[in-house]
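Colleague: I should like to learn how the features of a protein model are read. May we take them up in turn?

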Amino acid sequence: LLADGVRNLNADSTPMGLPMSDLTAWATAMNNLGMAPMGMSGQPLLPDFDPALGMMTGIPPINPMMPGLGIVPPPIPPDMPAVKEIIHCKSCTLFPPNPNLPPPATRERPPGCKTVFVGGLPENGTEQIIVEVFEQCGEIIAIRKSKKNFCHIRFAEEFMVDKALYLSGYRIRLGSSTDKKDTGRLHVDFAQARDDLYEWECKQRMLAREERHRRRMEEERFCPPSPPPVVHYSDHECSIVAEKLKDDSKFLEAVQTLVTWIERGEVNRRSANNFYSMIQSANSHIRRLMNEKAAHEKEMEEAKEKFKLALSGILVQFEQIVAVYHSASKQKAWDHFTKAQRKNISVWCKQAEEIRNIHNDELMGIRREEEMEMSDDEIEDPSETKETEESVPGECHLLKLQEEYKKREAELEKVKEDKVQMEMLLETLKEQESSTYRICASSQEKECPLERTLSCSPVKSEREALLVGIISTFLHVHPFGASIEYICSYLQRLDAKICPTEVEVLMSRLQHTFKQELSGVGASLEKRWKFCGFDGLKMT
């Protein structure tokens, strides 16, 4: 065909026998051959010709919507206008719309849309013709055709709707007829169907379930594993747990097993001896724990001492550096420095003094904490303590615990005695209150007896009597007295509504039971309340 075209070109005629003067016909013929149309001078007749758009004579141009292809047209660059071709079907032909017209308008796409509305069908159009045209877009599930030249088509997938929208604006002609009933202009748009919405909601619910399952799997993967189940009691398992109780690395696991067995009720007459031996092993672990704690405390004390020594050395060096700056600031050496050098020395001196003061405050804070710890404990003879530690280094901590236990017992006995004395004191106060009430009632029966009684009695209610007893017990345990804030902090654990003013007024009324003294010197001066009930009882 190309050779014939060349021979015909030399004969000043086209392959189809068209005259050269008709340039439009010549360009169309060359386009169908897939060749760029050229004039006699060798210049292209159509500068924007695309050879991919042309085909041989007698073969229709390839269109993405042709049966068997089933593909969406490739994306068109924004600077290139969209070109639609004629689509040939068995019973009809589709002609593309004018490319200069704006694209057909569409409504907002419903979620999960698989159904399209097709309007502008020919009056003689049948459902078979509709299937023939739109089955190129994909599998059709259902067609609902109306008598008013429109229908609804439901596809199997959502992307097939986009292919169907490509046909919007095409002119359809049935066969070769030009009758008005055999022609029409297609208008394809999104349609809202309940089936599409239901399937979309089901799909969204399925995706949500999958997402929840995925999150739950992620959470379970990061969750700590569950502890292994505790085995049931038997003589063999009992011997294993007893051996583990003697091993420091397996002690925690063995203790948990022992606690579970006891809570389950595994203890009986037959197994009581075994459980007693395991409990005894657990008790022997206390000595190991106390020795371990003593070792850690010793390491901590050594670290504190080492830190204090290092900090003291640093402070000494800071003092020497500050002395260097002060020496340089004296008139004898200061006059020989330049202005910039003097400024630098002054700044350096100020920085060194600030750092020295910070470290000094830190060291003083450590020493103050140690003094407070010493003041909390009872005063002991340091020489005896050192001799005891040097003589019995292994049992030092145990002896301390025993002594502390004995002291606690003595304190408890003392508190019990004080409680008895407080009860006696409360009874005395109640008797005084009742006697005062009787005297006031007999002398002033006609003039407000209740107000007179309240004004004569220092303790006006049972609540104040309870407060007096609790405060007396608290101050008796603190022979050196306590501040009103310290007393109220203790009372507020029992009743959060107690305020310091109420407590101070109550204690001020009972001058024979409580007295206020000043302790401390200078900035540490504070007021302390002391219990003087026994002395006041003798005086009254």
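Modeller: Let us begin with a definition: two rings of Phe, Tyr or Trp, the last through its six-membered ring, pair if their centres lie within 6.5 Å. Planes under 30 degrees apart count as stacked, and planes over 60 as edge-to-face. The model before us is predicted, and ring pairs in it link Tyr233, Trp261 and Phe275 into a cluster.

Colleague: How many aromatic pairs does the rule give?

Modeller: A pair of aromatic rings is described by the distance of the centres and the angle of the planes. The count here comes to eight aromatic pairs. In one of them, the ring centres of Tyr233 and Trp261 are 5.2 Å apart and the planes stand at 85°, so the pair is edge-to-face.

Colleague: Where do Tyr233 and Trp261 lie in the chain?

Modeller: Tyr233 is in the loop between helix 5 (194-222) and helix 6 (235-245), while Trp261 is in helix 7 (residues 251-264). The pair therefore links distant parts of the chain, 28 residues apart. Both Tyr233 and Trp261 are buried.

Colleague: What is the geometry of the pair formed by Trp261 and Phe275?

Modeller: That pair is edge-to-face, with 6.5 Å from centre to centre and 85° between the planes. Trp261 belongs to helix 7 and Phe275 to helix 8 (residues 272-328), so the pair ties together parts that are 14 residues apart in sequence. Phe275 is buried, as is Trp261.

Colleague: Which ring does the charged end of Lys84 sit over?

Modeller: The charged end of Lys84 sits over the ring of Tyr166, at 5.0 Å from the ring centre.

Colleague: I turn to helix 8. Is Ser281 buried or exposed?

Modeller: Burial is judged by relative accessible area, with under 20% as the cut-off. Ser281, found in helix 8, has 14% relative accessibility and therefore counts as buried. Apart from neighbours within four places in sequence, Ser281 is in contact with Leu245 and Lys246.

Colleague: Where does UniProt place the feature "coiled-coil region"?

Modeller: The unreviewed UniProt entry places this feature at residues 279-306 and 398-432. In the model, residues 279-306 are 100% helix and 0% strand, and the C-alpha atoms at the two ends are 41 Å apart.

Colleague: How many disulfides does a search of the whole structure find?

Modeller: A disulfide is a covalent bond between the sulfur atoms of two cysteines. The search finds zero disulfides. As for the surroundings of individual cysteines, Cys223 has 45% relative accessibility and so counts as partly exposed, whereas Cys349 is buried at 9%.

Colleague: Which residues of helix 16 are buried?

Modeller: In helix 16 (residues 500-509), Val503, Leu506 and Met507 are buried. Seen down the helix axis, the buried residues fall within an arc of 95°, so they line one face of helix 16. They pack against helix 14 (462-477), helix 15 (484-494), strand 9 (514-519) and strand 10 (526-531).

Colleague: What does Ser472 touch?

Modeller: Ser472 lies in helix 14 and is buried, with a relative accessible area of 1%. Not counting residues up to four places away in sequence, Ser472 touches Met422, Thr513, Phe514 and Phe531.

Colleague: Which residues is Ile130 in contact with?

Modeller: Ile130 is placed in helix 3 (residues 127-134), and at 4% relative accessibility Ile130 counts as buried. Beyond its neighbours within four places in sequence, Ile130 is in contact with Leu121, Ile143, Lys145, Cys151 and Ile153. The C-alpha atoms of Ile130 and Val118 are separated by 9.4 Å, with their positions 12 residues apart along the chain.

Colleague: What is the phi of Asn149 near?

Modeller: Phi of Asn149 is near 65°, a positive value in a residue other than glycine. Asn149 lies in the loop between strand 4 (140-145) and strand 5 (150-155), and at 26% relative accessibility Asn149 counts as partly exposed.

Colleague: How many helices and strands does the protein have?

Modeller: The secondary structure comes to 17 helices and 10 strands. Buried residues make up 25% of the 540 residues. Of the contacts with a separation of 6 or more, 58% join residues 24 or more positions apart.

Conventions: Residues numbered from 1 in each chain as written. Predicted model: local features only at pLDDT ≥ 70, side-chain atom pairs only at ≥ 80, totals over all residues. Heavy atoms only, no water. Disulfide = S-S within 2.5 Å. Buried < 20%, exposed > 50% of the residue type's maximum accessible area, 1.4 Å probe, protein only. UniProt positions renumbered as here; feature names shortened; annotations may be inferred. Helix = DSSP H or I, 4+ residues; strand = E, 2+ residues; numbered from the N terminus. Lys NZ or Arg CZ within 6 Å of the ring centre and 35° of its normal. Arc of directions from axis to C-beta. Contact = heavy atoms within 4.5 Å.
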